[in-house]
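Colleague: I am new to reading protein structures and would like some help. Could we go through one together?

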Amino acid sequence: ARMPAIGFGTWRLWTKDAYQPVRWALELGYRHIDTAEGYANEAEIGRAIKDSGVPRQELFIATKASSVPKGLADPRLLEDIFNMQLEQLGTDYVDVYMLHTPP
């Protein structure tokens with residue numbers, strides 16, 4: 001996947017506050033969306049992506065695991081956490097997956 005040079009970050013767009021700004025960003029032509037488990041907004045981002053009508057293959061989605069690197073979840077749960085994130089985002093893949101704020 002080719003990463004767009006400019007992305008739309010969603011930090012501080014907590015839960016339901018994320019939907020409309022992401023929709024506007026997609027309408028304006030943003031194709032790189034950045035989020036994280038710790039932002040608690042992936043379900044709303046997934047809904048905004050679905051409602052936008054922008055095909056998934058045109059998007060570059062980056063997300064991060066937050067709970068494991070911060071010691072809030074057992075590392076053995078990382079695969080389950082990742083699958084939950086995919087489900088919330090409404091996709092079967094992300095373009096970049098990172099550990100968020102590792103120690």
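Modeller: Gladly; we will look at aromatic rings and then at the sheet, keeping in mind that this is a predicted model.

Colleague: Let's start with the rings. What describes a pair of aromatic rings?

Modeller: A pair of aromatic rings is described by the distance of the centres and the angle of the planes. This structure holds 2 aromatic pairs. In one of them, phenylalanine 8 and tyrosine 30 sit edge-to-face, 5.6 Å centre to centre and with 65 degrees between the planes.

Colleague: Which parts of the chain does the pair link?

Modeller: Distant ones: phenylalanine 8 belongs to strand 1, while tyrosine 30 lies in the loop between helix 1 and strand 2, 22 residues apart.

Colleague: Is phenylalanine 8 buried or exposed?

Modeller: Buried counts as under 20% relative accessible area. Phenylalanine 8 has 17% relative accessibility, so it counts as buried. Tyrosine 30, at 28%, counts as partly exposed.

Colleague: Which residue lies over the face of tyrosine 19?

Modeller: That is arginine 47, at 3.9 Å from the ring centre. Likewise, arginine 56 lies over the face of tyrosine 93, at 3.9 Å from the ring centre.

Colleague: Now the sheet, please. What is the order of its strands?

Modeller: The order is 1-2-3-4, in an open sheet of 4 strands with parallel pairing. Strand 1 and strand 4 are at the edges; each has a single partner strand, so one side of each is left without a neighbour in the sheet.

Colleague: How many bridges join strand 2 to strand 3?

Modeller: There are 3, and these two strands run parallel. You can also find histidine 32 opposite phenylalanine 60, which is in strand 3.

Conventions:
Residues numbered from 1 in each chain as written. Predicted model: local features only at pLDDT ≥ 70, side-chain atom pairs only at ≥ 80, totals over all residues. Heavy atoms only, no water. Phe/Tyr/Trp six-rings, centres within 6.5 Å; stacked < 30°, edge-to-face > 60°. Buried < 20%, exposed > 50% of the residue type's maximum accessible area, 1.4 Å probe, protein only. Lys NZ or Arg CZ within 6 Å of the ring centre and 35° of its normal. Pairing = 2+ DSSP bridges.
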